[in-house]
Amino acid sequence: MKTTSLALGLGLGLVAGFAAVSPVGAQESINFVHNTYRTGAFSGSGIPVADGVRDYFTMLNNRDGGIGGVRINFEECETQYDTRRSVECWEQAKAKNSVVYVPWSTGAALATIPRAHIDKMPIFSMAYGLSASAVGGTFPWVFNPPLTYWDGASVWIQYIAQREGGLANLRGKTIGLVLLDAPFGREPIPVLEALAREHGFTLKTYPIPPAEMQNQSSTWLAIRRDRTDWVLVQGWGAMNPTAVREAGRTGFPRDKVIGIWWAGGDDDARPAGPDARGYLALSWHQVGTNFPVIQDILRHVVDRGQSNSAREKIGENLYNRGVYQGMLIAEAIRNAQRLSGKRVVTGEDVRRGFEALNITAARWTELGAPDFAAPVALSCEDHNGHHAAFVIQWDGTKWNRASDWIRPDRARIRPLLEDAARAFATSNAGWPARSESCDQRS
Amino acid sequence: MTDATLATRKPFLSEGQRNGLIAGGVLALFIAALVVATQTGTITRNDWIYKIFVDPFVSMVDMPDLLVQTVWEGFVAGVLYSLIALGFVLIFKASGVFNFAQGIMVVFAALSLVGFYEFLTLTMGLPPGFVAAIVAMAGALGIMFVLAVAVERIVLRPLVNQPDIIMLMATVGLTYFLIGFGEYIFGGSPKVMITSQLGLPTGSTMLDFAGGRINIQHLDVAAAVIAAVMIGVLGFFFQYTRIGRALRAVADSHKAALSVGISLNQIWVIVWFTAGIVALLTGIMWGARSDVSFALEIIALKALPVLIVGGFTSIPGAIVGGLIIGVGEKLGEFYWGPLLGGGIESWLAYIIALMFLMFRPQGLFGEKIIERI
Amino acid sequence: MFYRDAGQYKTTYQSDMAIFPLRQDRIGILVILALAYVAVPLMASDFILKTIMLPFLALVLAVVGLNILTGYTGLISLGTAGFMGVGAYACYKLTTLFPEVNILVWILVSGFFSAAIGVVFGLPSLRIKGLYLAVATLAAQFFLQWAFVRIPWLYNYNPSGAIEVPLRTVFGVPVTGPTAAIEVKYLIALTFVVVLTWVASNIVHGRIGRSWMAVRDMDIAAQLMGIKLLETKLLAFAVSSFYCGVSGALFVFIYLGGAEAGTEFGIRLSFIILFAVIIGGLGSMIGSFFGAGFIVALPTILKFGLPAIGIAITGAIAEKIVVMVIGALTIFLLIVEPHGLARLWQIAKQKLRVWPFPY
């Protein structure tokens with residue numbers, strides 16, 4: 001064995017192989033490279049979301065010829081929920097001048113947030129990722145509307161209080177949190193602990209190691225032993241259907257199990273069959289196809305055979321979440337066109353477009369989605385909005401809305417987020433102060 | 001007295017018995033000391049010694065229904081681990097290949113079953129139900145047979161006589177191929193196992209026990225029964241049929257088997273097909289517990305500590321090992337897990353396995369490793 | 001024709017045992033180093049540097065490390081990603097506790113922490129062998145992964161549970177953090193790889209390496225020859241884990257720039273690195289590079305390269321096909337040459353030596 005660094009030669013060979021390849025931007029189109037995971041352990045949650053976004057942009061192209069007359073060049077980049085691949089996709093998105101990067105995993109968001117302001121590509125992590133990135137003053141390039149996990153924790157407890165008949169009745173109750181044993185799962189713990197101290201309930205955490213997602217029997221036995229009154233599920237992928245099923249197996253009342261919004265897929269509840277009836281989850285948008293925008297997708301995309309999704313899956317919860325995300329991004333692109341006066345916008349313009357995002361109830365109707373979701377408004381300072389959510393319930397075949405809008409406790413969450421953002425900026429020495437100017441909302 | 005007689009004279013206690021006695025004595029002394037210390041108040045409820053060594057046992061006695069339930073859950077999990085481990089052992093015994101692809105074979109088999117069922121009921125217009133499920137089952141078995149033949153032809157035959165690690169690597173390549181192929185054909189979205197269509201029971205029974213209740217899932221009982229029947233059939237097959245004898249001969253020595261006219265290629269196909277059947281059953285059982293998705297592949301890793309407890313070459317070892325790991329990890333997670341914040345199941349199985357290895361490096365039932373220079 | 005050893009006489013043992021006994025090899029290595037140091041940063045695009053070269057360089061050290069353990073000492077380990085994680089977290093803690101110290105020093109030092117942990121988990125190797133040991137090292141993998149999530153001190157009680165790479169400069173030039181130039185990162189990673197590979201190559205060619213190989217070939221015989229098994233095996237674990245630790249620190253600090261352990265240092269990475277070692281060739285330094293190239297860089301190249309040369313596959317289909325191709329290629333390679341890419345390389349060189357007159 002000789003020439004150790006001949007391997008470098010190997011690397012060089014690879015370079016020679018496609019160094020010449022450079023991105024070719026088509027005339028008059030806006031590029032959007034979107035991360036997906038249609039393969040791997042988390043594909044169960046990843047596929048419906050990806051289908052929703054994809055179909056929405058295909059619909060815009062087919063119906064309106066794109067946004068503002070410019071076609072959206074929508075492209076998927078497969079990550080397998082793997083950070084290394086997600087970083088590749090960042091580079092791919094950058095090379096193709098994507099106007100926004102959608103990480104679809106907390107790990108990918110964390111790895112790419114520090115690069116956003118350098119590569120001038122905004123990151124849109126819808127209700128996941130780094131909670132502190134809600135603070136626009138520190139993270140001008142990152143957007144995570146409509147609410148953070150910390151807001152989710154607040155909504156959880158408010159909903160439980162509603163069912164128990166007031167916050168005062170929480171005293172002495174035991175609330176369990178079944179969580180994926182990863183940073184994503186541990187995210188709500190600090191807020192829940194603070195709320196537990198304040199309202200006098202006991203918080204029990206039940207971590208599920210990633211390798212044991214489908215093997216939860218001891219966890220649910222522990223829930224039975226601890227006489228837990230309510231169970232919150234902070235899960236994703238294959239962990240969710242197993243949790244619902246185990247709740248049924250141990251006879252825990254399903255209408256006292258509340259998933260986070262990522263534990264609210266139709267495929268999370270359906271495999272448990274009748275056992276899943278009554279299972280709850282948070283959400284911030286409606287399900288079903290009774291919206292003009294979904295009908296347009298059916299007419300302009302599905303009927304033309306351009307959708308990857310099965311027809312009966314359209315209108316499911318995670319599919320509609322993909323559509324919701326598509327609508328927010330499309331609106332940001334429209335704003336960017338208006339603010340910059342250009343037809344073909346860049347990532348920098350779209351960043352401004354996000355900060356000007358203001359979808360009122362009337363605007364939701366114009367977009368073809370009346371009462372589809374709560375109004376969303378962002379600002380230069382607030383990149384999240386801490387908007388209201390509600391609870392949906394599985395009736396054995398589909399999700400139904402089961403509560404009114406519940407507003408998270410913004411006054412409590414916001415200072416915590418600002419502290420976290422400050423801590424991030426100080427621990428990351430050299431984190432730049434915001435230099436991006438702020439547009440006045442028109 | 002000659003040396004020979006010296007060597008053959010049996011000591012009063014064998015070395016193993018002596019070690020066992022010593023360990024037992026130490027344990028008894030330790031327990032006695034604990035009891036005395038707790039009674040006299042030397043150890044209070046908040047001491048870590050109390051929390052580790054006394055508290056779990058107190059709660060076991062306090063709530064016997066939970067103890068029984070935990071052991072039952074561990075037993076069921078153990079049966080399923082054993083099934084996965086069984087697939088490994090079959091192949092390792094007959095061909096000396098550590099089949100890394102067993103996990104993906106489980107997923108692949110289950111996906112084929114569900115995929116066939118969907119195809120039959122949706123495209124072919126067969127009425128949904130037991131008949132379609134059985135036809136789908138036959139189809140899935142057919143696929144596993146084709147896979148076994150393909151593996152033997154394409155992977156094993158050209159790689160005869162290569163070192164173990166190369167064979168392992170080949171099965172890793174097979175794993176990658178099957179992942180890509182499976183996702184290409186069946187898509188990545190999770191599927192619901194056709195549990196009731198296959199005639200598997202779904203309900204549960206509550207038993208009153210010592211002031212509490214024990215919840216027994218009928219599916220789990222069925223899993224245990226099916227596993228037992230399958231192991232019985234396999235045992236019979238190995239012990240009393242001509243092919244079984246041939247299999248055992250191959251496991252003993254490839255060369256000797258070849259020299260008495262046993263076709264290695266044929267045996268390998270049979271063994272891989274048998275592992276495929278085991279994989280299909282495992283897939284059905286695990287799939288019925290959650291859903292059929294590629295995430296199930298990770299579960300197959302749980303077979304590895306089972307294998308090192310039981311030994312790579314022993315079928316009873318796989319079963320006993322599976323039960324030890326299953327019950328051990330559930331008890332550990334349930335009673336000791338909270339001390340560490342829970343979620344220790346992922347590594348506890350390996351620690352249990354390591355403890356066994358420290359005393360028997362070849363596993364409980366593995367063949368003794370004899371090293372010669 | 002040009003690659004001949006005729007006329008190059010060895011007059012001392014030193015020259016006969018040199019790493020590159022042939023003049024052509026010495027020239028070749030210099031050319032390659034020059035290319036790697038000058039041509040690549042000048043010519044390659046950011047995309048290639050970031051998505052292929054950096055992860056390749058970061059992971060190749062782990063492959064070298066595991067090859068020391070598995071290829072040279074015959075101990076199979078599946079805890080590689082765990083040890084890499086130790087390196088990454090150690091580096092993070094060190095640089096946040098002592099920010100004034102040069103980050104490059106900490107990247108190197110974090111390897112020692114990893115080495116210490118490696119020794120602890122290497123203890124069972126004295127009693128357990130072969131595949132049994134491989135499974136036993138999984139305990140390290142799962143335990144460490146659990147610890148990274150469960151011990152908040154490791155990530156400075158960061159609410160996101162992740163480690164973020166702060167900006168660090170060396171002589172005023174930013175080397176880590178988002179503002180560091182990609183070329184600087186590349187050159188640093190390259191220097192680490194070149195220096196540490198050179199060190200590893202010398203270790204395995206020396207007395208220590210020979211005792212490792214003696215243990216690999218038959219440990220009882222090695223013991224009879226006076227090699228102390230305890231020290232030798234644990235040293236192998238230590239050196240191997242050191243390389244994995246440095247690799248992990250580079251992976252997070254130079255390449256990713258922020259990570260959460262649950263997804264980064266998982267069992268998949270351990271397997272990937274083991275595959276790279278076997279595909280590349282057990283007990284071969286050059287094989288480690290080939291293996292890392294095959295397993296780490298090839299998926300990326302196929303995924304982005306195929307569409308670039310006109311084969312239109314996108315997104316999920318590409319991923320599925322890439323996975324299938326990798327699997328099929330692995331089997332094919334093993335059938336053609338079970339001893340890995342390194343053996344193919346040797347054969348090629350042998351052919352070259354007698355070309356164009358093979359008789």
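In this predicted model, chain C has 359 residues and a radius of gyration of 21 Å, and since a compact globule with that many residues would come out near 21 Å, the two agree. Taken along the principal axes, the C-alpha atoms of chain C fill a box of roughly 70 × 60 × 45 Å. As for what is inside that box, the secondary structure of chain C adds up to 15 helices and four strands. Buried residues account for 56% of the 359 residues in the chain. Then there is the matter of sequence separation: if one takes the contacts in chain C with a separation of 6 or more, 75% of them link residues that sit 24 or more positions apart.

Next comes the meeting of chains C and A. Here 69 residues of chain C are in contact with 54 residues of chain A. On the chain C side, the elements that put in two or more residues are α2 (23–43), α3 (46–72), α6, α7 (182–205), β4 (258–259), α11 (261–264), α13 (285–308) and α14 (315–336). The biggest giver is α13(C), with 11 residues on the side of chain C that touches chain A. Sorted by residue type, that side of chain C splits into 41 nonpolar, 21 polar and seven charged residues.

A few backbone details deserve a look as well, starting with chain C. C:Asn156 is not a glycine, yet its phi is positive, near 55°. This asparagine lies in the loop that runs between α6 (130–150) and β1 (163–164) of chain C. Its surroundings hold 14 C-beta neighbours inside 10 Å, so C:Asn156 counts as partly exposed.

Chain A has a residue of this kind too: A:Trp104, again not a glycine, has a positive phi of about 55°. The tryptophan is found in the loop between α3 (83–95) and α4 (106–119) of chain A. Buried or exposed, then, is A:Trp104? With 28 C-beta neighbours inside 10 Å, and 20 being enough to qualify, A:Trp104 counts as buried.

The other backbone feature in chain A is a peptide bond. Going from A:Pro145 to A:Pro146, the bond is cis, with omega near 0°. A:Pro146 itself belongs to the loop between β4 (142–143) and α5 (149–164) of chain A. Like A:Trp104 and C:Asn156, then, A:Pro146 is placed in a loop.

Notes:
Residues numbered from 1 in each chain as written. Chains lettered and ligands numbered in written order. Predicted model: local features only at pLDDT ≥ 70, side-chain atom pairs only at ≥ 80, totals over all residues. Buried ≥ 20, exposed ≤ 12 C-beta atoms within 10 Å, placed from the backbone. Contact = placed C-beta atoms within 7 Å. Nonpolar A, V, L, I, M, F, W, Y, C, P; charged D, E, K, R; others polar. Rg over C-alpha atoms; globule rule 2.2 N^0.38 Å.
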